[in-house]
Amino acid sequence: MKSIIVTEKPSVARTFAQVLGVTNKENGYMENDKWIITWCLGHLVSLVQPEEIDDRMKQWSMDTLPFLPKEYKYDVIHDPEHRCEKQFNIIKKLYNRKDIGCIYYAGDPAREGIYIQMLVRNQAGHNMSAAEKVVWIDSQTPAEIRRGIKEAKPLSEYDNLTDAGYMRAIEDYA
């Protein structure tokens with residue numbers, strides 16, 4: 001079984017790959033016999049804009065504020081170069097591979113970092129038999145990266161921080 005590490009940006013992924021000896025470069029990720037290392041491009045998924053949920057929101061009016069939908073919807077960010085969609089689809093394919101034993105979320109160590117990772121996870125789905133862990137490091141030195149992987153905690157230990165990230169986004173949305 002292989003493990004995936006997903007970072008917030010390509011430069012961090014390259015650092016992880018160097019530390020772990022992952023040199024085989026693929027389109028949107030790197031892989032060897034033990035590790036797959038991929039990355040987000042910052043945000044890949046975001047809340048759907050209000051006007052995409054309710055036509056009344058296409059025109060600004062005090063009568064429609066605050067806008068609190070019954071369900072908050074998320075989608076892959078559509079950018080002109082399609083970089084977000086392309087990288088999201090790569091991550092989605094990797095997360096759902098049957099040979100994945102563990103997914104390590106190695107985003108920035110903060111509420112926003114875990115939120116970005118969970119948006120992608122929830123939109124992409126994942127191999128449900130894979131363990132999920134969070135790598136929480138403050139620097140990207142080789143020793144700190146190795147320590148962060150070795151001491152990675154189960155994703156469930158970050159539920160409150162994840163919830164706080166979602167709530168901050170919803171508060172900004174309203």
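**Exercise 1.** In this predicted model, identify the bridge partner of Cys 102 in β8, and describe how the chain passes from β7 to β8.

*Solution.*
Step 1. Within β8, Cys 102 has Ala 131 as its bridge partner.
Step 2. The strands β7 and β8 (residues 131-134) run parallel and are joined by 4 bridges.
Step 3. Between β7 and β8 the chain passes through helix α4, residues 111-124. This β-α-β crossover is right-handed.

**Exercise 2.** Determine which residue stands opposite Cys 102 when Cys 102 is viewed from β1, and in which sense β1 and β7 pair.

*Solution.*
Step 1. Ser 3 is the residue opposite Cys 102 of β7.
Step 2. Strand β1, residues 2-7, pairs with β7 in the parallel sense, over 6 bridges.
Step 3. For β7 (residues 100-106), burial is then examined: 6 of its 7 residues are buried, that is, under 20% relative accessible area.

**Exercise 3.** Establish whether the two faces of β1 are covered or uncovered, and name the residue of β4 opposite Thr 7.

*Solution.*
Step 1. Of the 6 residues of β1, 6 are buried.
Step 2. One side of β1 carries Lys 2, Ile 4 and Val 6, and the other carries Ser 3, Ile 5 and Thr 7. The residues on both sides are all buried, so that both faces are covered by the criterion of under 20% relative accessible area.
Step 3. β1 also pairs with β4 (residues 35-39) in the parallel sense, over 5 bridges.
Step 4. In β4, Trp 39 stands opposite Thr 7.

How values were computed: Residues numbered from 1 in each chain as written. Predicted model: local features only at pLDDT ≥ 70, side-chain atom pairs only at ≥ 80, totals over all residues. Heavy atoms only, no water. Buried < 20%, exposed > 50% of the residue type's maximum accessible area, 1.4 Å probe, protein only. Pairing = 2+ DSSP bridges. Right-handed = clockwise from strand over helix to strand, strands pointing away.
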